[in-house]
Amino acid sequence: MSEQSERKRVILSGIQPTGTFTLGNYIGAVRNWAKLQDQFNCLYMVADLHALTVRQDPAALRRNTREAAAMLLAAGIDPAQSILFVQSHVPAHTQLNWILCCNAQFGELSRMTQFKDKSAKHPDNVNGGLFTYPALMAADILIYNADLVPVGQDQTQHLELARNVAQRFNNAYSPTFTLPEGYVTKEGAKIMSLADPTHKMSKSDTNVNAFILLTDDRDTITRKFKRAVTDSDGVVRYDPANKPGVSNLIAIYHIFTGKSIEEVEREFDGQGYGVFKEAVGAAVADGLAPIQGEYARILADKAYVDGVLKEGAAAASRIADRMIQKVYRKVGLLQL
Ligand code: AMP
Ligand code: TRP
C-alpha cells in the first residue's frame, strides 16, 4: 500500500449469502459500495457465518456464497482496488467475536430488533448465534478499524452496538478500536416490499411479488412493478407516511434515472399509476441489464471468482491477524 492510500479512511461492509440479492440490497448497500472505492480503502465481505444463525442447506450455502461474490463483482466491486473476501476465510473474525461477546451485555443484545424479529419468525431455532450476531458483526468492523460502514437503515442498531462495545473495550483496556460510523444514504436506505409497502423488501419474503431480484428478467420486473401495491388516489406524489407504495416507487425511479423527486412528480402529473409503474419497471430493467450480463459472464468463470476470494482472504487476514494479536495481548491472554 502506498503512503497516500494508507491515509485513506477504511470502509467495511458485508452481506449475507442467503439467496439472490434484492433491489433493496442493491439500492441500500451494494450500489454504494462500488462508488466508495476510489475515495476509501474498502473491504467487502460475504457474511457466511452470519447466515448460519438461520438453518441453511449446506450445498445451497456454498452455491450462494460464490454467487454472492460474483454478484458483488458484477455490481462493480473491483478486486484491484478493494478487498473482497468470505467471512469464514478469515478466522480472526471469530476470534475477536469471542472477546467482544465477553464485552457485550445481555441487556443490549436483548434490545436488538432484528433478534426479536428473527426469534419470532423462527421460534423453533432461537439459537445463541442469533443472539450474539451483533458481536460478530462488531468484530467484522472493528478488526479493520473501519471508519465507515455503508449499510441500509435496518443495520444501524447493530452499528450503534458495535460503537458501544468498542468504546467499552477502549475504556477498559486502552484505545484500540476506531469507533465506526454508519454510511446510510438518505433515499433508498429502506426500500419497501412491493406487496406490502409498510414492510422492508426482503429476500426471505414468502411472496415472490414482494421483491425484485437482481437476476429477474425484464418481463418479471415489469410484471412485479405492475402488481405493486399503491393506493386509490391516483396521484404520483412523494409522501412516505400517507402514500408508502407510490413513494417507494418514486424513490426507486429517482435512483435509477437520476431525476429528482420533484421532476418525477412533474413527469407523471395527471397520468395514472399504470403509465408510472411501466416506466419504473423499464428504468429498473435497463439499469440492471448490464449487471446481469456481467454476472452471467463472471459466474461462468468459477476459477476467477475463487481466485479473487483467495487473494481477498489473504489480504484481509494480514490486517486482521495483526489486530487479534494486539487484542489478545491487551486483555491478558498469555503470549509465548
Ligand atoms: P442482508 O440481506 O440482510 O444481508 O442485507 C444486506 C445489506 O442490504 C444490508 O446493508 C442491509 O441494510 C441492506 N438492505 C437489505 N434490505 C434492504 C432494503 N429493503 N432496503 C435498503 N437496504 C436493504
Ligand atoms: N448483518 C449484516 C446484514 O444482515 C451483514 C453484515 C455482517 C455486515 N457483518 C457486517 C454489514 C459488517 C456491515 C458490516 O445485512
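Let me start at the ligand: in this model, a polar side-chain atom of aspartate 140 lies 2.7 Å from a nitrogen atom of ligand 2. I should say at once that the model is a predicted one, and that the distances I quote are computed from it.

Staying with ligand 2, there are 14 residues around it, and those that come nearest are Gln16, Tyr133, Met137, Asp140 and Gln155. Two glutamines add further polar pairs: glutamine 16 places a polar side-chain atom 2.9 Å from an oxygen atom of ligand 2, while for glutamine 155 the corresponding separation, to a nitrogen atom of the ligand, is 3.2 Å.

Now to the overall layout. The protein chain is divided into domain 1, which covers 3-188 + 302-331, and domain 2, which covers 208-296. Taken over C-alpha atoms, the centres of domain 1 and domain 2 are separated by 30 Å, and the contact between them takes 14 residues from domain 1 and 15 residues from domain 2.

What about the interior? The largest nonpolar core has 62 residues, and within it Phe225 and Phe256 are the residues with the most contacts. Helix α13, residues 273-299, supplies the largest share of this core, namely 11 residues. Because domain 1 (3-188 + 302-331) and domain 2 (208-296) both give residues to this core, it lies between them. Phenylalanine 256 gives a closer view: leaving aside its neighbours within four places in sequence, its contacts are Leu23, Tyr26 and Ile27, together with Ala283, Val284, Gly287 and Leu288. There is also a second, separate core, of 46 residues, which includes Ala138, Ala166, Met323 and Ile324.

Ala166 brings me to helix α9, where the buried residues are His158, Leu159, Leu161, Ala162, Val165, Ala166, Phe169 and Asn170. As background to that pattern, an α-helix has 3.6 residues a turn, so residues three or four places apart point the same way. The length of α9 can be checked too: at 1.5 Å a residue, its 17 residues, 156-172, should span 24 Å, and since the end C-alpha atoms are 24 Å apart, the model agrees with that expectation.

Finally, one backbone detail. Which residue other than glycine has a positive phi near 50 degrees? That is asparagine 145, which lies in the loop between α8 (128-142) and β4 (148-150). Is asparagine 145 buried or partly exposed? With a relative accessible area of 23%, asparagine 145 is partly exposed, because a residue counts as buried under 20%.

Methods:
Residues numbered from 1 in each chain as written. Chains lettered and ligands numbered in written order. Predicted model: local features only at pLDDT ≥ 70, side-chain atom pairs only at ≥ 80, totals over all residues. Heavy atoms only, no water. Helix = DSSP H or I, 4+ residues; strand = E, 2+ residues; numbered from the N terminus. Expected span 1.5 Å × (residues − 1). Buried < 20%, exposed > 50% of the residue type's maximum accessible area, 1.4 Å probe, protein only. Core = buried A, V, L, I, M, F, W, Y, C linked by side-chain atoms within 4.5 Å. Domains from an automatic or database assignment. Contact = heavy atoms within 4.5 Å. Near = heavy atom within 4 Å. Polar contact = N/O pair within 3.5 Å; in protein donor to acceptor, adjacent residues only side chain to side chain.
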